[in-house]
Amino acid sequence: MKISEIIKHTEARVATKNYDPDKNLAKAFSSDLMSDVLTLDEDNILLITGLSNVQLVRTAEMADIGAILLARDKNATPEMIELAEENGIVLLETPFSIFKASGLLFSNGLKPVY
Amino acid sequence: MAVKLFFEIEGGDFTQAGKASSKIKKVLKQLGPDAKTIKKVVVAVYEAEVNVVAHAYHGEVLAEIDERGITVTIKDRGPGIEDIDKAMEIGFSTATKEVREMGFGAGMGLSNIKKNTDELEITSTVGEGTTVIFRNFF
């Protein structure tokens, strides 16, 4: 699913600059546990999370995550945005809960990692 | 071709976790191992960095890279690990509530390091510290 479609379905704001709206992410994973994210073999996925801290972006960097969707109207901090931009990670912010955002994306065709 | 990288990590400061793995990732990308191998190495280094920040007072990371592979040594001054076999079990953790709120401390770090490395050796002295050495072949 393209970033532009993820934005449309979840009414998301984009926190990072210079993103490619046509960047395609094949799968998604929802988690607040970074330890679980670090065990995934897939890369270039969407991570949907209720966490909002620098370690989230660091974890995404190491796990080769393509984009992060912050749920529950959480805002990315300037440090998070800087680190995400440095690593080409798109940071999105949705007012929806993790359940609602995940459900909307799943029902519109975004596949789970497992 | 031989590259050595050295980093220091302060315990307790979560902003420090990721500095070594981030730099190692950038260097490995230039040296050319495939993306899957790079991800395995940097996930293992990052897990080890998080462990130092979460549990120890101070740590040092040494990464030695040559054409055959990478050896990473993470040595910390800290409480040490009483029972390494127990610490390797998935779900066993002594992490604080603060560490768990960051999204870590689920007792998965050491087993994930083992999963992502070709060779792993952990030695520890209670009250002094822990040394983790691992190697990945390219």
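Colleague: Where does A:Ser31 lie?

Modeller: A:Ser31 sits in the loop between β2 and α2 of chain A. Bear in mind that this is a predicted model.

Colleague: Is A:Ser31 buried or exposed, or something in between?

Modeller: Count the C-beta atoms around it. A residue is buried at 20 or more others within 10 Å and exposed at 12 or fewer. A:Ser31 has 18, so A:Ser31 is partly exposed.

Colleague: What does A:Ser31 touch beyond its sequence neighbours?

Modeller: Setting aside residues up to four places away in sequence, A:Ser31 touches A:Asp36, A:Val37 and A:Thr49. Check the C-alpha atoms of A:Ser31 and A:Gly50 as well: 7.6 Å separates them, with their positions 19 residues apart along the chain.

Colleague: Take another loop residue. Where is A:Lys23 found?

Modeller: A:Lys23 belongs to the loop between β1 (13-14) and β2 (27-30) of chain A. A:Lys23 counts as partly exposed because 16 C-beta neighbours lie inside 10 Å. Leaving out neighbours within four places in sequence, its contacts are A:Lys2, A:Ile3, A:Gly66 and A:Val90. From A:Lys23 to A:Asn44 is 21 residues in sequence and 9.8 Å in space, C-alpha to C-alpha.

Colleague: Now helices. Which residues of α1(A) are buried?

Modeller: Helix α1 of chain A covers residues 3-10, and A:Ile3, A:Ile6, A:His9 and A:Thr10 are buried there. Next, look down the axis. The buried residues of α1(A) fall within an arc of 130 degrees, so they line one face of the helix.

Colleague: What covers the buried residues of α1(A)?

Modeller: The cover includes β3 (46-49), β4 (67-70), β5 (90-93) and α5 (98-107), from chain A. Note what follows α1(A), too: A:Glu11 has a positive phi, near 50 degrees.

Colleague: Try the same reading in chain B. Which residues of α5(B) are buried?

Modeller: Helix α5 of chain B spans residues 109-116, with B:Gly109, B:Leu110, B:Asn112, B:Ile113 and B:Asn116 buried. Their arc is 160 degrees seen down the axis of α5(B), so these residues line one face of the helix. The cover includes α2 (34-37) of chain A, together with α2, α3 (84-88), β4 (119-125) and β5 (129-137) of chain B.

Colleague: How do I read the packing of α3(A) and α4(A)?

Modeller: Start with the angle and the axis separation. Helix α3 (residues 54-62) and helix α4 (residues 78-86) of chain A pack at about 10 degrees, their axes 9 Å apart. They are therefore roughly parallel to each other. On the α3(A) side, A:Val54, A:Val57 and A:Arg58 make the contact; on the α4(A) side, A:Glu79, A:Met80, A:Leu83 and A:Ala84 do. By class, five of these residues are nonpolar, none polar and two charged.

Colleague: How should I approach the core?

Modeller: In soluble globular proteins, nonpolar side chains tend to be buried together. Here the largest nonpolar core holds 69 residues, and A:Ile68, A:Leu69 and A:Leu92 touch the most other members. Helix α2 (residues 35-55) of chain B gives the largest share, twelve residues. Follow A:Leu69 outward: beyond four places in sequence, its contacts include A:Ile6, A:Leu46, A:Ile48, A:Leu92 and A:Ala101.

Colleague: How many residues of each chain are in contact with the other?

Modeller: Chain B has 18 in contact with 17 of chain A. α1 (19-31), α2 and α5 of chain B each supply at least two residues to the chain B side. α2(B) gives the most, five residues. By class, the chain B side has nine nonpolar, seven polar and two charged residues.

Notes: Residues are numbered from 1 along each chain as its sequence is written. Chains are lettered from A and ligands numbered from 1 in the order in which they are written. This is a predicted model: local features need pLDDT of at least 70, side-chain atom pairs count only at pLDDT 80 or more; totals for chains, interfaces and linings use all residues. Axes are lines fitted to C-alpha atoms, for helices over the stretch in contact, and angles run from 0 to 180 degrees between N-to-C directions. Helices (H or I, at least four residues) and strands (E, at least two) are DSSP runs, numbered from the N terminus. Angles under 35 degrees count as roughly parallel, over 145 as roughly antiparallel, 65 to 115 as roughly perpendicular and the rest as oblique. Two residues are in contact if their C-beta atoms, placed from the backbone, lie within 7 Å. Ala, Val, Leu, Ile, Met, Phe, Trp, Tyr, Cys and Pro count as nonpolar, Asp, Glu, Lys and Arg as charged, and the others, Gly among them, as polar. A nonpolar core is a set of buried Ala, Val, Leu, Ile, Met, Phe, Trp, Tyr and Cys residues joined through C-beta atoms within 7 Å. The arc is that of the directions from the helix axis to the C-beta atoms.
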